[in-house]
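Please open the model in your viewer and keep the selection panel at hand. The tour below proceeds one selection at a time.

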Amino acid sequence: MIDFTFSEEQDLFRKAARDFAENEVAKYVPEMEKTGKVPAGLVKAIGKAEMLAITIPEEYGGLELGYTARLIALEEISRISVATAMMLQVFALGIEPIVKFGTEEQKKKYLPGLATGEKLGTAAVTEATGGSDPTGIRTSYRKDGDDYIVNGRKCFITNSHIANTLVVLAKSDENPKDFCAFIVEKGMPGFKATHEEHKVGMKGCNTGELSFEDLRIPKANLLGQEGKGLRVTMAAIGEIGRGGMVGCALGLQAACLEESIKFANDRILYGKPISKLPEIQGKIADMRIDLEAGRLLGYRAASLQDSGTPASNEFAVAKYYTTEAAIKAAKTSVDIHGGYGCMEEYAVTRFYRDAAVLGPSAGTSAIMKVIIGRWALS
């Protein structure tokens, strides 16, 4: 028998995450939309609510609730602010390599501060020459005694200017098939957060470029084996990156559906609410169908991940479906609102802009289809 129910602990956690999103995150959304900056008060609130500790083991100060709980939190927070959920999603992408590949010394040094929000994390893989294909990156390292010297640039890095702890991928100067993953700390000489991007959506989610100029990294900051860094980062991207985008997309879909239902019930046309019109009912039905299907795909993949079963292919399916469905839902919600859907005081305009950022993140839809096709043909 397949059990599609959440545990009592998971149901309670969903309620806590929803309360946190509605009572804490929501009050920062206007500021985020206006300034495009990450509010310091929001970061503090996230740490206090232990939303950064979900997948960190208890022995290092975490909650160790698992990946289904992480998906629950991202869905509930994204329902209020996709920008905030995106910040959390990439934070997890930055800590997972430390959890899975870090030495005991590295875990003790970094994870407790990351669990409380004293420090923020991210992963820095993407470059202009290597996004969907990380083997195309140009950031390089060379050995210098027991240290590594890193040079290069990263782009489109979420949390670029607010992260204290970064997992950075670089390739060998001598052998382009060898990669290393390093833990880089803010303040290291040679490391600098440079240009900050201004995205069409997800205002208040920091994205920018990073520069490494003769950055000296001690051997103690090497993650995993030398030359095997691609495995360290790709393992996180395949499940944590894609899984996080599923949570962001599900929350946005839920928000689009809720706002559309509310508007359709309130908007009177020809003497009755437009929710009585078959055309509107059909649009809302399509949104609900896509949301329910996406939840089944996403939470199934997360449950596999929690059981220790590799789920990167399942997450590729869920990521493709839910992000495409979120883009569709955002467009539909604007259509249902009619002229009001073009007015910024209505949340659906924000949803429409936010949805545009979902597709390319953690692998484009085209790349997801390549992965899914290879899986099907294997």
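A disulfide is a pair of cysteine sulfur atoms within 2.5 Å. The model under inspection is predicted, and by this rule its count of disulfides is zero.

**Cysteines**

Select Cys248 and Cys205 and display their sulfur atoms. The cysteine sulfur closest to that of Cys248 belongs to Cys205, at 8.4 Å, and the pair is therefore too far apart for a bond. Cys248 itself is buried, its relative accessible area being 0%.

Move next to Cys342. Is Cys342 buried or exposed? Cys342 is exposed, with a relative accessible area of 59%. Its nearest cysteine sulfur is that of Cys256, 15 Å away, and Cys342 takes part in no disulfide.

**Domains**

Now colour the chain by domain: residues 8-120 form domain 1, residues 122-227 domain 2, and residues 231-377 domain 3. Hide domain 1 and retain the other two. Taken over C-alpha atoms, the centres of domain 2 and domain 3 lie 30 Å apart. Their contact draws 13 residues from domain 2 and 11 residues from domain 3.

**The interface of domain 2 and domain 3**

Switch to a surface representation. About 900 Å² is buried between domain 2 and domain 3, and carbon and sulfur atoms contribute 79% of that area. On the domain 2 side, select Ser132, Val200 and Met202: these residues lose the most area to domain 3, together accounting for 50% of what that side buries. Colouring by residue class shows eight nonpolar, three polar and two charged residues on the side of domain 2 that touches domain 3.

Finally, examine the polar atoms. How many salt bridges are there between domain 2 and domain 3? The count is zero. Two residue pairs are in polar contact across this interface, both at pLDDT 80 or more.

How values were computed
Residues numbered from 1 in each chain as written. Predicted model: local features only at pLDDT ≥ 70, side-chain atom pairs only at ≥ 80, totals over all residues. Heavy atoms only, no water. Domains from an automatic or database assignment. Contact = heavy atoms within 4.5 Å. Buried area = accessible area lost by both parts, 1.4 Å probe. Salt bridge = Lys/Arg side-chain N within 4 Å of Asp/Glu carboxyl O. Polar contact = N/O pair within 3.5 Å; in protein donor to acceptor, adjacent residues only side chain to side chain. Nonpolar A, V, L, I, M, F, W, Y, C, P; charged D, E, K, R; others polar. Buried < 20%, exposed > 50% of the residue type's maximum accessible area, 1.4 Å probe, protein only.
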